[in-house]
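I opened my notebook to see what holds together inside this chain. Here is what I looked up, entry by entry.

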Amino acid sequence: MSGAEAPDPGLRACRILHLEDSPLDAELAAAALARAGMHPKIERVETREAFVDTLARGGFDLILADHRLPTFDGLTALDIARREAPDVPFVFLSGTLGEETAIDAMRNGATDYVVKQRLTRLPVAVGRAVAERRERRERLAAEAALRESRARLDTLIAQAPVGIMQFDRDGRIVLVNEHFAAMLGRTPESLIGQPKTSITHPDDRAATEAALAGLAASGSSRRIEKRYLRADGRPVWAETLLSLTGGEGTPQYALAIVQDLTERRRAAAALRAAEATSRLALRAAGLGTWDYDLVSGSLTWDARCRALFGVPAAAPVDYDTTFLAGLHPDDRARVDAAVKQSIEAGKGSFDEEFRVLDAADGRERWLASKGHGTFEGGRCVRLLGVIMDITDRKRSEQQLRLLINELNHRVKNTLATVQSVAAQTLRNAESTTQAREDFEQRLMALARAHDVLTRENWEGARLHDVIAQALDPYRHMGVGAERLQVEGPELVLPPRIALALAMAFHELATNAAKYGALSAAEGQVRIVWTLRREGGQTHLRLRWIESGGPPVQPPRRRGFGSRLIERGLARDLGGAVRTEFALEGVRCSIDAPLAEGGGFDARSLPSSSAGGQEGEDEIHRLAG
């Protein structure tokens with residue numbers, strides 16, 4: 001080191017342990033250092049004991065030692081220094097150190113040597129020794145820090161909850177952690193040195209290479225989803241983050257951070273299956289869904305909900321102009337109040353039935369909707385629910401109410417009929433036995449008429465069926481079809497008229513069996529009816545004609561049967577009924593108007609001529 005060179009700032013504050021028995025030589029050494037701009041703190045010792053004690057205190061940056069001292073020597077001091085302070089440089093400064101001795105000292109660990117006759121070399125030797133020590137200590141510190149960093153990295157890699165793999169430019173695996181190996185059902189040792197393609201699913205190799213090419217071109221990380229192959233051949237879906245590492249200028253390695261997606265994909269598949277099941281269930285149940293975001297005010301309808309309101313798929317929807325405006329005017333205020341109550345009162349649920357007017361064709365439709373709210377901070381922020389068409393149910397309920405009302409009405413009428421039949425039967429019976437038999441037969445006739453109506457849901461009864469039920473007991477008694485002739489067009493009667501005619505036919509058949517045509521072997525009963533148009537209305541003309549029985553004598557008094565036929569039947573039919581007791585057989589004529597729609601087409605019936613004969617008024621007959 002020349003005098004013109006600026007000394008190392010670290011040398012100005014360094015500490016030197018100087019083993020020297022001559023104070024003068026020590027002063028000369030300090031002066032040589034000072035001339036070089038060095039002003040270290042020097043502590044001089046002369047004996048072994050002082051050297052050992054002072055060295056033990058530590059903190060020295062350099063040891064200067066004479067070779068020969070009266071009670072001590074430099075080589076022994078070197079041995080002690082190597083044991084107690086091996087990192088402190090040791091420089092011999094002596095006037096008696098020979099070349100061979102100096103070489104041996106260097107071999108034993110001395111850093112340098114300077115002869116006292118050439119003190120100009122002392123600053124150079126001291127500066128070099130202190131600098132080398134500092135560099136050595138810095139290197140050792142850096143190496144220790146590197147080892148610590150590598151240990152931390154190894155621990156991080158080993159304990160990372162994701163898979164980590166590194167491969168070189170040739171695509172061979174150079175590092176894997178336990179997590180990645182376990183993900184593939186392998187050991188880390190079995191993967192080291194293997195080509196990365198050996199653990200990549202064949203169908204994903206091209207995509208992986210494309211991602212690596214993009215990574216090499218841009219240097220930016222690449223994220224891909226790919227399948228790895230387990231040891232048993234099963235694929236493992238994983239998300240892989242690729243990045244380049246190592247090397248200066250040209251990266252030598254690629255690092256892959258691998259996240260197993262098996263559970264996530266399984267959960268996603270389960271979620272998709274659940275959503276598909278929900279959609280199928282909603283579709284099977286005819287349910288639509290709606291979502292009302294109270295924060296943004298947006299309303300979302302699915303396709304079914306839109307169809308129920310008659311709103312096109314692409315049309316916007318909102319609460320006021322679509323939902324409320326689509327409700328029936330009579331239901332609008334009630335439903336709006338129910339929605340607001342579920343929101344403002346903290347109820348959080350909505351359950352209402354209401355009518356809507358189809359936006360496309362204006363048809364009325366009944367809907368039922370249920371929903372539940374989501375609350376944040378005590379405030380409802382969202383209503384989510386379902387909606388379904390209940391029009392058929394509402395119609396069924398209305399029909400049921402009508403049927404119940406009709407049933408009540410009919411039960412009352414039936415009870416009134418039974419009461420009247422009982423009273424008239426008891427009043428006209430000659431004995432209790434006869435009264436019981438007549439009453440039972442009339443109740444059976446009424447029950448058979450009810451059977452006919454029940455088969456038709458009480459919407460009406462065919463005239464043929466009413467007659468057949470009334471005559472059925474006599475067919476079982478051996479009266480053949482040739483003796484019971486029924487002719488007339490197809491005709492469906494309202495329930496009230498069907499019951500009245502059934503009771504009338506029962507009375508006529510009972511009388512015929514006791515006293516008239518059916519009491520004789522050759523007797524016949526012929527029931528004939530026709531339909532005609534008169535005054536813009538259809539009329540039923542029916543004839544009960546008996547023949548072949550015993551001569552008929554008019555009854556001395558009118559019994560219940562006669563009054564039922566001539567008065568009750570006429571009243572129920574709103575027409576005329578006449579019974580004749582001709583010698584050759586009983587005749588009963590019924591002429592009554594019929595309401596349109598009674599099972600025939602009134603437009604096909606010809607009109608009658610005013611004032612014409614009966615044969616001219618009668619229309620063509622249809623076979624029953």
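**Entry: one residue and its contacts**

I started with Ile590. Leaving aside neighbours within four places in sequence, I found Ile590 in contact with Leu501, Leu540, Arg541, Leu542, Arg543, Leu569, Leu573, Ala576 and Val577. I noted that the model is a predicted one.

**Entry: nonpolar cores**

Apart from the largest core lies another core, of 24 residues. Its members include Leu294, Phe323, Phe350 and Leu383.

Then I went back to the largest core, which has 38 residues. Which of them touch the most other members? I listed Leu463, Leu501, Phe505, Ile527, Trp544, Leu569 and Ile590. So my starting residue, Ile590, is on that list.

Next I asked which elements supply at least two residues each of this core. Three helices are there: helix 16 (463-475), helix 17 (495-514) and helix 18 (560-573). Strand 19 (524-534), strand 20 (537-547) and strand 22 (585-594) are there too. The largest share, ten residues, comes from helix 17.

I added a general remark. In soluble globular proteins, nonpolar side chains tend to be buried together.

**Entry: aromatic pairs**

I searched the whole structure and got ten aromatic pairs. I looked at Phe180 and Tyr228. Their ring centres are 5.5 Å apart and their planes stand at 90 degrees, so I wrote down edge-to-face. Phe180 lies in helix 7 (residues 178-183), and Tyr228 lies in strand 8 (residues 222-229). The pair therefore ties together parts that are 48 residues apart in sequence. Are these two buried or exposed? Phe180 is buried, and so is Tyr228.

I then took Trp290 and Phe350. Their ring centres are 6.3 Å apart with planes at 85 degrees, so this pair is edge-to-face. Trp290 sits in strand 11 (residues 287-293) and Phe350 in strand 13 (residues 349-357). The pair links distant parts of the chain, 60 residues apart. Both residues, Trp290 and Phe350, are buried.

I also found one aromatic cluster formed by Tyr292, Trp301, Phe309, Tyr319, Phe323 and Phe354.

**Entry: charges over rings**

I checked two cases. Arg265 lies over the face of Trp237, at 3.7 Å from the ring centre. The charged end of Lys394 sits over the ring of Trp366, 4.4 Å from its centre.

**Entry: cysteines**

How many disulfides does a search of the whole structure find? I got zero. I looked at two cysteines anyway. Cys380 has a relative accessible area of 5%, so I marked it buried. Cys588 has a relative accessible area of 1%, so Cys588 is buried too.

Notes. Residues numbered from 1 in each chain as written. Predicted model: local features only at pLDDT ≥ 70, side-chain atom pairs only at ≥ 80, totals over all residues. Heavy atoms only, no water. Disulfide = S-S within 2.5 Å. Buried < 20%, exposed > 50% of the residue type's maximum accessible area, 1.4 Å probe, protein only. Phe/Tyr/Trp six-rings, centres within 6.5 Å; stacked < 30°, edge-to-face > 60°. Helix = DSSP H or I, 4+ residues; strand = E, 2+ residues; numbered from the N terminus. Lys NZ or Arg CZ within 6 Å of the ring centre and 35° of its normal. Core = buried A, V, L, I, M, F, W, Y, C linked by side-chain atoms within 4.5 Å. Contact = heavy atoms within 4.5 Å.
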